[in-house]
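Reader: I am new to this structure. Could you take me through its features, one by one?
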Amino acid sequence: MVNRDAVALDDPVGESLRGRHAHLARRIGAAATYLSEVSTFAVVPAEAGPREWAELVGLLGPGELADMFSCPATPPSDWAPVFSLEGRQMTLTGSGRPDHAGSGPDTGVVELGAQDVPEMLDLVERTRPGPFRPRTHELGTYLGIRDNGTLVAMAGERLRPPGWTEISAVCTAPEARGQGHAARLVGALVARILARDERPFLHVAEANTGAIALYERLGFETRRPVTFRGFRIP
């Protein structure tokens, strides 16, 4: 597998919007965001000044949420903080695969699409893995596991900076936990990402110690701490 430069992971939203997700982007000048039904994430340059913040206002509108993800730029002082969440960015180490990846057919794992969106939104509402909107599934491949026809677990591909694919929306219904569904889904996604000669990475909240432990067992290690921030535009 090609050794990719990880610098693209310093600005994963911006790199995605400028590249693989350009067709899902809205942009004014140096400010960019996703189409509203795809994702809330927005970005400005790290050294943004008054002009760039004004461009973001023009893009999102007064009174709207600016979900800055891990963008380090400091917004104007009259932008009210809405949330700040400590987390970490993790990458799959070396060129190895998790034990659950590439070992054979993904028995019971199904690919999800537009027809599954109502169930996906319901599962996200019950498990709260992070932002998920009606067209989020267009960011990449989303996989699920069903029990007697009911969607009980899913995970998918979100940000796509050059050479990398983020694994996201990893969630399992409360009644289906403890059966290894998350590990199977992450492993299946890792196998697909590596088959494209890309590298898997992910983000996780620092307080989610169970998920961190799972990802470490699957071969991921922490690359850097991140702070997820959102602001209300005046």
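Author: Start with the pockets. This is a predicted model. Its largest pocket has a volume of about 1,000 Å³.

Reader: Which residues are the closest to the centre of the largest pocket?

Author: The lining has 39 residues. Closest to the centre are Arg128, Pro129, Gly130, Val170 and Asn208.

Reader: Which elements give two or more residues to that lining?

Author: Strands and helices both do. The strands are strand 4, strand 5, strand 9 (164-172) and strand 10 (199-205). The helices are helix 3 (117-127), helix 4 (181-195) and helix 5 (209-217). Strand 9 gives the largest share, seven residues.

Reader: How does the lining of the largest pocket divide by class?

Author: It has 23 nonpolar residues, ten polar and six charged.

Reader: How much space lies in the second largest pocket?

Author: About 220 Å³. Its lining has 17 residues, and Asp11, Val43, Val44, Pro45 and Ala46 are the closest to its centre. Helix 1 (12-18), strand 3 (42-43) and strand 4 each give two or more residues to this lining. Helix 1 gives the most, with three. By class, count twelve nonpolar residues, one polar and four charged.

Reader: Now cavities. How many of 30 Å³ or more does a search of the whole structure find?

Author: A cavity differs from a pocket: a probe fits inside but cannot get out. The search finds one of 30 Å³ or more. The largest cavity has a volume of about 50 Å³.

Reader: Which residues line the largest cavity?

Author: Take them in sequence order. Val38, Ser39, Thr40 and Phe41 are in the lining. So are Pro131, Phe132, Arg133, Thr136, Leu139 and Arg158. Five of the lining residues are nonpolar, three polar and two charged.

Reader: Let us turn to the sheet. In what order do its strands lie?

Author: To read a sheet, follow the pairing from strand to strand. Here eight strands form an open sheet, in the order 4-11-5-10-9-8-7-6. The pairing is mixed.

Reader: Which are the edge strands?

Author: Strand 4 and strand 6 (109-112). Each pairs on one side only. From one strand to the next, the twist averages 30°.

Reader: How many bridges join strand 4 to strand 11?

Author: Four. Strand 4 covers residues 65-69, strand 11 covers residues 220-232, and the two run antiparallel. For one position in this pairing, look at Asp67: it stands opposite Gly230 in strand 11.

Reader: How many bridges join strand 5 to strand 11, and do they run parallel or antiparallel?

Author: Twelve bridges join them, and the two run antiparallel. Strand 5 covers residues 80-92.

Reader: In strand 11, which residues are the bridge partners of Phe83 and Ser84?

Author: Phe83 has Gly230 as its partner. Ser84 has Arg229. Gly230 also stands opposite Asp67.

Reader: Last, the cysteines. What is a disulfide?

Author: A disulfide is a covalent bond between the sulfur atoms of two cysteines. In this model, the count comes to zero disulfides.

Reader: Is Cys71 buried or exposed? And what is the relative accessible area of Cys171?

Author: Burial is read from a cut-off: buried means under 20% relative accessible area. Cys71 has 9% relative accessibility, so Cys71 counts as buried. Cys171 has a relative accessible area of 5%, so Cys171 is buried too.

Conventions: Residues are numbered from 1 along each chain as its sequence is written. This is a predicted model: local features need pLDDT of at least 70, side-chain atom pairs count only at pLDDT 80 or more; totals for chains, interfaces and linings use all residues. Side-chain values use heavy atoms; hydrogens and water are left out. Two strands pair if DSSP finds at least two bridges between them. Axes are lines fitted to C-alpha atoms, for helices over the stretch in contact, and angles run from 0 to 180 degrees between N-to-C directions. On a 1 Å grid over the protein atoms alone, a cavity is a set of points where a 1.4 Å probe fits but cannot get out, and a pocket is an open set with protein on both sides within 12 Å along at least five of seven lines; lining residues have an atom within 4 Å of a point. Grid points are joined across faces, edges and corners, and a volume is the space filled by probe spheres set on the points. Ala, Val, Leu, Ile, Met, Phe, Trp, Tyr, Cys and Pro count as nonpolar, Asp, Glu, Lys and Arg as charged, and the others, Gly among them, as polar. A disulfide is a pair of cysteine sulfur atoms within 2.5 Å. Buried means under 20% relative accessible area, exposed over 50%, partly exposed in between (1.4 Å probe, protein chains only).
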